[in-house]
Amino acid sequence: MPDLDYLHISLADQRLYGFTRGALRVRLEVSTARNGAGELNGSGCTPRGLHQVRAKIGAGLPQGAVLRSRRWTGEVWSLKLHEQFPGRDWILSRILWLSGCEPGVNRLGKVDTFRRYIYLHGTPDTEPMGIPLSHGCIRLRNSDLIALFDRVPDHCAVRIDESACPHWGVLPLS
């Protein structure tokens, strides 16, 4: 049963913070865009502002399931598969597909987060976290994303910004 009601993704910290009624419950390392923050289509940047989880994709798939065009290919990531497809932007395990909530900022026109296919998604465990390396999405460890997935309700609020999380050490994690 979902228990988180708000996610904050800090580009400065390269962390995702999950809250329940204002109390910090989750703190995870992420990897956002190598190109930094930005909203324009084709920029390869991570969009800022208020978003919501518009779709949850991949429930029940195995850890490391390879997703292309939001569908499971039937493959599960391995080093051997990785060597067969060098340079592939691996989207693994689950997808939390974001939609912007601020028209002209991250919604509609040339800044539409949903039409840019910006996700929270799993990535190979060989990829570093805490370093901006993605093509715009927010990458997480597969095990972290799977644990987070069921805790996040549809339409969960997601704030992405460049500031450090204001509550990062105040409350205990559960």
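**Group meeting: a walk through the model**

Okay, let's start with one glycine. Gly49 has a relative accessibility of 7%, so it counts as buried. You'll find Gly49 in strand β4, which covers residues 49-57. Setting aside its neighbours within four places in sequence, Gly49 is in contact with Glu102, Asn106, Val158, Arg159 and Ile160. And here's a long-range pairing to look at: the C-alpha atoms of Gly49 and Glu162 are 9.6 Å apart, with the two positions 113 residues apart along the chain.

Before I go on, keep in mind that this is a predicted model. Mean pLDDT for the protein is 93, and 95% of the residues get to 70 or more. The stretch to be careful with is 168-174, where pLDDT stays under 50. The model does give that stretch 15 contacts beyond four places in sequence, but I'll leave those alone today.

Right, the inside. Which residues have the most contacts within the largest nonpolar core? They're Leu7, Leu16, Leu120, Ile138, Leu140 and Leu148, and the core as a whole has 22 residues. Elements giving two or more residues to this core are β1 (6-10), β3 (23-29), β7 (92-100), β9 (138-141), α2 (142-149) and β10 (157-161). Of the contributors, α2 gives the most, with 3 residues. There's also a second, separate core of 11 residues, and that one includes Ala55, Ala65, Ile95 and Trp97. For background, nonpolar side chains in soluble globular proteins tend to be buried together.

Let me zoom in on Leu16. Leaving out neighbours within four places in sequence, Leu16 is in contact with Leu7, His8, Ile9, Val26, Arg27, Leu28, Val30, Leu120, Leu140 and Leu148. Leu7, Leu120, Leu140 and Leu148 are also on that list of residues with the most contacts inside the largest core.

Now the strands at the start of the chain. How many residues of strand β2 are buried? It's 5 of the 6 in residues 15-20, so β2 is largely enclosed by the rest of the structure. On one side of the pairing, β1 and β2 run antiparallel and are joined by 5 bridges. Leu7 has Gly18 as its bridge partner in β2. Those two strands make a hairpin with 4 residues between them, and Gln14 in the turn has a positive phi of about 55°. Then β2 also runs antiparallel to β3, with 6 bridges joining them. There, Thr20 has Ala23 as its bridge partner in β3. The β2 and β3 hairpin has 2 residues between the strands, and Arg21 takes a positive phi near 45°.

On to charges. How many salt bridges does the structure hold? There are 7. One of them is between Asp3 and Arg151, with the closest N and O atoms 2.9 Å apart. Asp3 is in the segment before β1 and Arg151 is in the loop between α2 and β10, so this pair ties together parts 148 residues apart in sequence. Asp3 is partly exposed at 32% relative accessibility, and Arg151 is partly exposed too, at 21%.

Next is Glu75 with Arg88, where the closest N and O atoms are 3.8 Å apart. Glu75 sits in strand β6 (residues 71-76) and Arg88 in the loop between α1 (79-84) and β7, so the parts being tied together are 13 residues apart in sequence. Glu75 is partly exposed at 24%, whereas Arg88 is buried at 18%.

And then Arg139 with Glu127, at 3.6 Å from N to O. Arg139 is in strand β9 and Glu127 is in the loop between β8 and β9, so here the pair links parts 12 residues apart in sequence. Arg139 is buried, at 7%, while Glu127 is partly exposed, at 23%. Shared partners also join Glu39, Arg48 and Glu162 into one salt-bridge network.

I'll finish with an arginine that goes without. Arg116 lies in the loop between β7 and β8 (119-123). Arg116 is buried yet has no salt bridge. Which side chain of opposite charge is nearest to Arg116? That's Glu39, at 6.3 Å, and Glu39 belongs to the network I just mentioned. Beyond four places in sequence, Arg116 is in contact with Gly38, Glu39, Leu40, Asn41, Ser43, Gly44, Cys45 and Pro47.

That's my tour, thanks.

Conventions
Residues are numbered from 1 along each chain as its sequence is written. This is a predicted model: local features need pLDDT of at least 70, side-chain atom pairs count only at pLDDT 80 or more; totals for chains, interfaces and linings use all residues. Side-chain values use heavy atoms; hydrogens and water are left out. A nonpolar core is a set of buried Ala, Val, Leu, Ile, Met, Phe, Trp, Tyr and Cys residues joined through side-chain atoms within 4.5 Å. Buried means under 20% relative accessible area, exposed over 50%, partly exposed in between (1.4 Å probe, protein chains only). Contact means heavy atoms within 4.5 Å. pLDDT is the predictor's confidence in each residue, from 0 to 100. Lys and Arg count as positive and Asp and Glu as negative; His and the chain ends are not counted. A salt bridge is a side-chain nitrogen of Lys or Arg within 4 Å of a carboxyl oxygen of Asp or Glu. Two strands pair if DSSP finds at least two bridges between them.
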